[in-house]
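Q: I would like to learn how to read a fold and a ligand shell from a set of coordinates. Could we work through one example together, feature by feature?

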Amino acid sequence: MAGASYDTRRGELTTYFDRTAVEAWSRLTSDAPVSRIRATVRAGRDAMRGTLLAWLPADMTGLRLLDAGCGTGALSVEAARRGAEVVAIDVSPTLVGLARERLPAIPGAGRIEFRVGDMLDPSLGRFDHVVAMDSLIHYRAADIVRALAVLGTRTEGSVLFTVAPRTALLTVMHAAGKFFPRGDRSPAIVPVTEGGLRRRISAEPALNGFTWAQSHRVNSGFYLSNAIALTRAARASHPRPDPEVPERNGGLEGALQPAARSLEPSFEAAAQHLRMRGMDGTGGTAA
Ligand SMILES: C[S@@+](CC[C@H](N)C(=O)[O-])C[C@H]1O[C@@H](n2cnc3c(N)ncnc32)[C@H](O)[C@@H]1O
């Protein structure tokens, strides 16, 4: 079970991605001209997709991949081109419809089955790899890890996902943003610290068979996101922290990171983080 807060947030995201932001999202994920701000988001998202694809096998013939929160399906198409049997699922029927419309001819054995619904639906079956690109960033850390646990039990190879990194200035500005009216803002992105996330993953029994294999940050103008690879392979690039050892950089719900360690180099950088929501089409108001 994913939990009540997961279900509530999924409902908000369905409304948002299926109605409020569907036009902006459709445009952002096409070749149509966009504002300079959104061009940086598009470039960042392209780079992130490239990172996640680079972590998948070059030949995916016969492998099952879940594109969890597929949006308009760009990653699914690339995986299918490598021969993968892709299940592409999203809670937004409109975005899945767009993905179907945009689907190019896929030469070779690869294919995509589009589904509307929850990425955690057990009827989707088992997978060799799961990718959740920017589809868990609006969920609380506890819900992210519960979702990873559910996905992990159905995955033989790797679970690749992204999170919004938490930084000191982002936290301050999010707090300040609570004084602004909500308007048509998206459901808030929930930034997480790497240390806090590692600790939660280490403490999740369903993820015991997985190793935190690698991570990579993409920072492109108004887009900021961390890619993380959990794999069943034994090799790790970083040791896992002891779950009993307090996190030095501040936990997920802990105090601000010490400013000297984590302050962004410029106000502009902080504004970029704050405006990450430009990626989902609301134009970048304070959170
Ligand atoms: C920021 S978009 C990213 C879409 C796509 N992964 C990409 O990178 O282009 C997040 C997507 O996740 C979908 N989503 C959020 N929660 C979901 C859930 N629980 N199950 C399936 N889709 C979900 C949203 O509807 C939205 O299309």
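A: Let us begin with the classes used for residues: Ala, Val, Leu, Ile, Met, Phe, Trp, Tyr, Cys and Pro count as nonpolar, Asp, Glu, Lys and Arg as charged, and the others, Gly among them, as polar. With that in hand, and keeping in mind that this is a predicted model, the shell around the ligand divides into 9 nonpolar, 5 polar and 5 charged residues.

Q: Which residues come nearest to the ligand, and which element gives the most to the shell?

A: Among the 19 residues around the ligand, those that come nearest are F17, G69, G71, M119 and S135. Two elements, α1 (4–20) and β2 (85–90), give two or more residues to the shell, and α1 gives the most, with 3 residues.

Q: How should I read the sheet, and what is the order of its strands?

A: In general, strands of a sheet pair through backbone hydrogen bonds, either parallel or antiparallel. Here the sheet is open and has 7 strands in the order β3-β2-β1-β4-β5-β7-β6, with mixed pairing; its edge strands, each pairing on one side only, are β3 (111–116) and β6 (211–220). From one strand to the next the twist averages 15°. As one instance of the pairing, β1 (residues 64–68) and β4 (residues 127–132) run in the parallel sense over 3 bridges, with L65 standing opposite H129 in β4.

Q: Which strands does α6 lie across?

A: Helix α6 lies across β1, β4, β5 (155–163) and β7 (223–231), and runs at about 160° to β5.

Q: How are α1 and α6 oriented to each other, and which residues meet?

A: For a pair of helices, angles of 65 to 115 degrees count as roughly perpendicular. The angle between α1 and helix α6 (residues 141–153) is about 95°, with their axes 9 Å apart, and the two are therefore roughly perpendicular to each other. In this contact S5, Y6 and R9 of α1 meet D143, R146 and A147 of α6, a set that divides into 2 nonpolar, 1 polar and 3 charged residues.

Q: What angle does α6 make with α8, and which residues form that contact?

A: Helix α6 packs against helix α8 (residues 194–202) at an angle of about 45°, with their axes 10 Å apart, and the pair is therefore oblique. The crossing of α6 past α8 is right-handed. The contact is made by A141, V145 and L148 of α6 together with G196, L197, R200 and I201 of α8; by class, it has 5 nonpolar, 1 polar and 1 charged residues.

Methods. Residues are numbered from 1 along each chain as its sequence is written. This is a predicted model: local features need pLDDT of at least 70, side-chain atom pairs count only at pLDDT 80 or more; totals for chains, interfaces and linings use all residues. A residue is near a molecule or strand if its C-beta atom, placed from the backbone, lies within 6 Å of it. Helices (H or I, at least four residues) and strands (E, at least two) are DSSP runs, numbered from the N terminus. Axes are lines fitted to C-alpha atoms, for helices over the stretch in contact, and angles run from 0 to 180 degrees between N-to-C directions. Angles under 35 degrees count as roughly parallel, over 145 as roughly antiparallel, 65 to 115 as roughly perpendicular and the rest as oblique. Two residues are in contact if their C-beta atoms, placed from the backbone, lie within 7 Å. Two strands pair if DSSP finds at least two bridges between them. A crossing is left-handed if the near helix is turned anticlockwise from the far one by less than a right angle, and right-handed if clockwise.
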